[in-house]
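The following exercises are to be worked through with the sequence and the model at hand. Each task is followed by a solution in steps.

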Amino acid sequence: MRNSPILLYLVLCGFILLSFGCIQNQTLPFTQSSNSELETESPKRYEDLIIGFAQLGAESEWRVANTNSIKETAEQLGVELRFYDAQQKQENQIEAVRKLIMQKVDVIGISPIVETGWEEVFQEAKDAGIPIILVDRRASVSEDLYVSYLGSDFLEEGRNAARAMVELTNGKANVVELVGTIGSAPANDRYKGFREIIEDYPEIKIIDSQTGDFTLARGREVMAGFLQKYGTEITAVFAHNDDMALGAILAIEEYGLRPGIDIQIISIDAARGAFEAMIAGKLNATIECNPLLGPQFFELALKVVNKEPYPKWVPSIEGIFFPESAIEILPTRKY
Ligand code: GZL
C-alpha cells in the first residue's frame with residue numbers, strides 16, 4: 001500500500017488542486033481588493049440624474065422661455081425632471097423645495113422670486129444632503145446654503161439701460177420707472193444700477209417709480225396712472241422688463257401719444273416682443289437678459305453630483321439692442 005501508484009496519484013492530484021487553489025486564492029484577494037479597495041464609483045451620467053426645479057411662475061415672455069429651456073434640455077439629455085411652478089408665490093416655492101427634499105432628488109434648482117426668506121428651507125435641503133443651485137435670481141443667504149448661482153449681472157443690466165437712456169435722450173429726460181417684482185434680485189439691482197449711471201446726468205430726472213410686477217397688465221395700469229398724473233411732462237420710460245414696456249406702449253397709445261417718439265422707452269430682457277416693438281418704432285432699446293439657462297443648469301448639476309470643480313457664479317453673456325439692428329436680428333432670436 002505504501003508505494004501504491006494509486007496513492008501516489010491521489011497525493012499528486014491533491015497537490016495540484018491545492019496549488020491551483022492557492023493560485024486562485026493568490027489572485028482572488030487581489031481581484032477582491034481590486035473590486036473592493038481600488039474600485040471607484042463610476043461618474044453619474046445625465047440619464048442617471050433626478051433633478052428638481054422650483055420655478056417662480058409664468059409671469060413674462062422671459063419666464064416662459066426660461067421654463068421651456070429647462071424642460072427641453074432635460075428631455076434632450078434624458079434627465080428625470082421634477083418641475084413645480086409656484087405661480088409667483090414664495091410660499092408655493094418653499095413648499096416645492098420641501099416636496100423635492102422628500103423625493104430625495106439629486107439636485108434642486110430654484111429661481112427665488114424674492115431675495116429674502118430662504119434660510120430655513122435651504123438649511124433643510126443642506127441637512128438632507130441635497131445641493132441647491134440658484135438659477136436666474138439670487139437669494140440673500142449665506143454662501144454655504146447653495147452650491148452655485150447661474151444668472152445675469154442685474155446691476156450691469158441697470159447700468160446699460162441708463163447708458164442707453166443717456167444716449168437716446170442726449171442726457172435730458174423726465175423718466176417714469178416701471179419696477180419689477182418688489183424684493184426680487186433683478187428689480188433691486190436694475191433699480192440701483194440705473195441710478196449709478198444717471199447720477200452723473202442731473203438733467204435726467206426720475207419723476208416717479210412704481211412696481212408693475214414684471215407683467216404686461218400691471219405695466220399698462222401703472223403707466224396709465226403715470227400719464228393721468230404727469231401727462232406730457234413724461235419724456236421717457238425705464239421698464240425693468242419688456243412685458244411691462246409693452247404694457248406701457250399700450251397705455252401711451254390709449255392716452256393719445258406716440259410710444260417711441262413722444263415718449264422714449266427702454267426696457268430689459270430682449271425678448272421677441274421687444275424686437276417686434278422696436279421694428280414698429282415703439283420701443284427705443286432693450287437690454288439682453290438671457291433666459292436660455294437649461295444647458296448650463298444641467299451641466300452644472302452633473303458637475304455638482306460628480307464632485308467635479310465648478311464656479312460659485314456662472315454669469316450670462318448679454319448685449320444691448322437698438323431698432324436699427326432689430327430687423328436683421330429678430331430671425332436669430334430663440335426667445
Ligand atoms: C431676470 C428675470 C426677470 C425678467 C422678467 O433674470 O428674473 O423675471 O427680467 C422675469 O421678465 O419676469
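## Exercise 1: Aromatic pairs

The structure holds 7 aromatic pairs; rings of Phe, Tyr and Trp (its six-membered ring) count as a pair if their centres lie within 6.5 Å, and planes under 30 degrees apart count as stacked, over 60 as edge-to-face and the rest as tilted. This is a predicted model, in which local features need pLDDT of at least 70 and side-chain atom pairs count only at pLDDT 80 or more, whereas totals for chains, interfaces and linings use all residues. Residues are numbered from 1 along each chain as its sequence is written, and side-chain values use heavy atoms, with hydrogens and water left out.

**Task.** Classify the pair formed by the rings of F194 and F238, and state which parts the pair ties together.

**Solution.**
1. The ring centres of F194 and F238 are 4.1 Å apart and the planes meet at 10°, so this pair is stacked.
2. F194 belongs to helix α6 (residues 185-198) and F238 to strand β8 (residues 236-239), so the contact ties together parts 44 residues apart in sequence. Helices (H or I, at least four residues) and strands (E, at least two) are DSSP runs numbered from the N terminus.
3. F194 has 0% relative accessibility and therefore counts as buried; F238, also at 0%, counts as buried. Buried means under 20% relative accessible area, exposed over 50% and partly exposed in between (1.4 Å probe, protein chains only).
4. Elsewhere, ring pairs join F53, F83, F297 and F298 into a cluster.

## Exercise 2: Charges over rings

**Task.** Which residues lie over the faces of Y191 and Y146?

**Solution.**
1. The criterion is that NZ of Lys or CZ of Arg is within 6 Å of the ring centre and within 35 degrees of the ring normal.
2. Over the face of Y191 lies R195, at 3.3 Å from the ring centre.
3. Over the face of Y146 lies K312, at 4.5 Å from the ring centre.

## Exercise 3: The parallel sheet

**Task.** Give the strand order of the open sheet with parallel pairing, and then describe the surroundings of strand β5.

**Solution.**
1. The 6 strands of this open sheet follow the order β2-β1-β3-β4-β5-β11. Two strands pair if DSSP finds at least two bridges between them.
2. β2 (80-85) and β11 (313-315) are the edge strands, each pairing on one side only.
3. On average, neighbouring strands are turned by 20° against each other, direction ignored.
4. β5 (residues 148-151) runs parallel to β11, with 3 bridges; Y149 stands opposite W313, and L150 has V314 as its bridge partner.
5. Strand β4 (residues 132-135) is also joined to β5 by 3 bridges, in parallel, and there L134 stands opposite Y149.
6. In a regular strand the side chains alternate between the two faces of the sheet. In β5, S148 and L150 point one way, Y149 and G151 the other, and all are buried.
7. L300, in helix α10 (residues 294-305), is buried with a relative accessible area of 5%. The C-alpha atoms of L300 and S148 are 8.3 Å apart in space, although the residues are 152 apart in sequence.

## Exercise 4: The mixed sheet

**Task.** Which strands form the edges of the sheet with mixed pairing?

**Solution.**
1. This open sheet of 6 strands has the order β7-β6-β8-β9-β10-β12.
2. Its edges are β7 (204-211) and β12 (320-321), each of which pairs on one side only.
3. Strand β10 (residues 285-288) and β12 are antiparallel and joined by 2 bridges, with T286 opposite F321.

## Exercise 5: The cavity

**Task.** How many cavities of 30 Å³ or more does the structure hold, and which residues lie nearest the centre of the largest?

**Solution.**
1. On a 1 Å grid over the protein atoms alone, a cavity is a set of points where a 1.4 Å probe fits but cannot get out, and lining residues have an atom within 4 Å of a point.
2. The structure holds 1 such cavity of 30 Å³ or more, and the volume of the largest is about 100 Å³. Grid points are joined across faces, edges and corners, and a volume is the space filled by probe spheres set on the points.
3. Its lining comprises 13 residues, of which W62, R63, R137, R190 and D269 lie nearest the centre.
4. The elements giving two or more residues to this lining are α2 (61-77) and α6.
5. R63 is in helix α2 and is buried, with a relative accessible area of 1%. Its C-alpha atom is separated by 7.0 Å from that of P291, 228 residues apart along the chain.

Methods
Axes are lines fitted to C-alpha atoms, for helices over the stretch in contact, and angles run from 0 to 180 degrees between N-to-C directions. On a 1 Å grid over the protein atoms alone, a cavity is a set of points where a 1.4 Å probe fits but cannot get out, and a pocket is an open set with protein on both sides within 12 Å along at least five of seven lines; lining residues have an atom within 4 Å of a point.
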